Amino acid sequence: MLCPFKFRRTLIAVVFSVSFGLFATSALAQIEFRTLKPDEIQARLQSFSENNDEREATIKRLFVASGCKPDHLTEQWVTKKLPPNVICILPGETDRIILVGAHTDHVEVGDGVVDNWSGASLLPSLLYSLSAKPRQHTFVFVGFTAEEEGMVGSEFYVAKLTKQQRSIMDGMVNLDTLGLGPTKVWASHADKPMLEALARAADGMQLSIGAVNFEQVGTTDSESFARFRIPRITIHTITQQTWPILHSKKDTLKAIRIDDYYASYRLLAGYLALLDSSLGQPAAPRKDH
Ligand SMILES: [Zn+2]
């Protein structure tokens with residue numbers, strides 16, 4: 001989470017209540033995914049390093065451990081001084097893309113477990129969850145570098161894409177600052193169909209979702225994609241009460257509520273599987289596999 005504003009203003013929190021009832025149930029009936037057990041999710045969360053280079057390397061290792069094939073795993077160097085973006089591709093039946101991103105870096109104060117090892121260390125687990133069966137979309141998982149320095153990694157990534165590559169991107173799901181409590185969404189800066197799908201997933205899985213908007217106090221990698229009109233959504237867990245934990249010495253493992261964190265993981269796994277079948281119009285089969 002990038003917090004560029006000197007004065008911490010009031011967050012706008014809104015209650016998010018939607019009911020899709022039977023529609024949710026029927027939509028989720030076809031959704032298949034698998035989940036890692038809570039102790040594995042916790043172990044991955046505990047594997048954080050204070051060094052940003054080591055963090056990137058750990059994500060890379062976790063991608064391999066989660067089934068990312070070596071030729072689908074790449075690093076994208078932004079500058080020589082920064083750790084690279086780390087990218088794992090899970091090929092789908094079509095070339096249409098859903099990108100799942102989280103920044104791997106943290107600020108010097110605190111351990112940066114909440115902001116944002118909580119998001120980054122879930123990327124490989126979500127790859128594992130989705131690889132349970134073939135997907136229509138090609139999923140691209142990206143651990144972004146240097147978000148805290150001005151969304152450097154995500155801006156570089158999206159700027160390097162061609163117009164054609166941006167046009168096949170059906171959605172970007174950004175994970176930043178999980179585990180502080182029940183799952184929240186930055187609703188005011190979310191693509192509407194992606195927001196509605198999130199509500200359906202939460203409703204169908206009977207998991208909590210709320211909306212907390214934070215444009216008054218900060219921003220994050222999803223906005224690099226919004227600039228190019230790529231549909232995006234940010235999932236987080238900050239509230240007015242927990243906001244002061246970010247970029248403070250209180251950002252440690254102790255700040256994580258592990259049950260809520262695991263619930264966010266399950267929701268995200270189901271949500272991404274649902275997005276695969278509900279976003280865009282995947283039509284043309286891939287030709288290269
Ligand atoms: Zn931050």
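Me: Which residues coordinate the zinc ion, and at what distances?

Reply: Donors are N, O and S atoms within 2.8 Å of the metal (3.2 Å for Na, K and Ca); water is not among the atoms, so sites may look incomplete. Here the zinc ion is coordinated by Met1 (O), Asp115 (OD), Glu148 (OE), Glu148 (OE) and His247 (NE2), at 1.8 to 2.7 Å. Along the chain, the donor residues follow the spacing M-x113-D-x32-E-x98-H. Met1 lies in the segment before β1 (12–14) and His247 in the loop between β9 (232–236) and α10 (258–278), so this pair ties together parts that are 246 residues apart in sequence. Helices (H or I, at least four residues) and strands (E, at least two) are DSSP runs, numbered from the N terminus.

Me: What kind of model is this, and how are its residues numbered?

Reply: It is a predicted model, in which local features need pLDDT of at least 70 and side-chain atom pairs count only at pLDDT 80 or more, while totals for chains, interfaces and linings use all residues. Residues are numbered from 1 along each chain as its sequence is written, and side-chain values use heavy atoms, with hydrogens and water left out.

Me: What is the mean pLDDT of the protein chain, and where does pLDDT stay under 50?

Reply: pLDDT is the predictor's confidence in each residue, from 0 to 100. The protein chain has a mean pLDDT of 91, and 88% of its residues reach 70 or more. Over residues 15–25, pLDDT stays under 50, and the model has 16 contacts beyond four places in sequence for them; a contact means heavy atoms within 4.5 Å. Where pLDDT is low, the predicted coordinates should not be read in detail.

Me: Is Met1 buried or exposed?

Reply: Buried means under 20% relative accessible area, exposed over 50%, and partly exposed in between (1.4 Å probe, protein chains only). Met1 counts as buried because its relative accessibility is 0%, whereas His247 is partly exposed at 23%.

Me: How should a salt bridge be read, and how many does a search of the whole structure find?

Reply: A salt bridge is a side-chain nitrogen of Lys or Arg within 4 Å of a carboxyl oxygen of Asp or Glu. The search of the whole structure finds 7 salt bridges. One of them joins Arg96 to Asp170, with the closest N and O atoms 2.6 Å apart. This pair links distant parts of the chain, 74 residues apart: Arg96 is in the loop between β3 and β4 (97–103), and Asp170 is in strand β6 (residues 169–175). Arg96 is partly exposed, with a relative accessible area of 25%, while Asp170 is buried at 8%.

Another salt bridge is formed by the side chains of Glu155 and Arg227 (2.6 Å, N to O). Glu155 belongs to helix α6 (residues 152–160) and Arg227 to the loop between α9 (222–226) and β9, 72 residues apart. Within a single helix, Lys192 and Glu196 meet in a salt bridge at 4.0 Å, N to O. Both lie in helix α8 (residues 192–205), 4 residues apart, about one turn of the helix.

Me: In which sense do β4 and β6 pair, and over how many bridges?

Reply: Two strands pair if DSSP finds at least two bridges between them. β4 and β6 pair in the parallel sense over 5 bridges, and Val100 stands opposite Val173 in β6. β6 is also joined to β9 by 4 bridges, and these strands run parallel; there, Leu175 has Ile235 in β9 as its bridge partner. β6 is mostly covered, as 7 of its 7 residues are buried.

Me: What surrounds Asn85?

Reply: Asn85 lies in strand β3 (residues 85–90) and counts as buried at 0% relative accessibility. Leaving out residues up to four places away in sequence, Asn85 touches several residues, among them Thr74, Val142, Phe144 and Tyr157. The backbone oxygen of Gly153 lies 3.1 Å from a polar atom of the Asn85 side chain.

Me: Where should the backbone geometry be examined, and what is the omega of the peptide bond from Asp115 to Asn116?

Reply: Most residues other than glycine have a negative phi, and most peptide bonds are trans. The peptide bond from Asp115 to Asn116 is cis, with omega near 10°, and Asn116 is found in helix α4 (residues 113–120). Ala146 has a positive phi, near 50°, and is placed in the loop between β5 (138–144) and α6. Arg229 likewise has a positive phi, near 60°, in the loop between α9 and β9. Ala146 is buried, with a relative accessible area of 1%, whereas Arg229 counts as exposed at 77%.

Technical notes. Polar contact = N/O pair within 3.5 Å; in protein donor to acceptor, adjacent residues only side chain to side chain.
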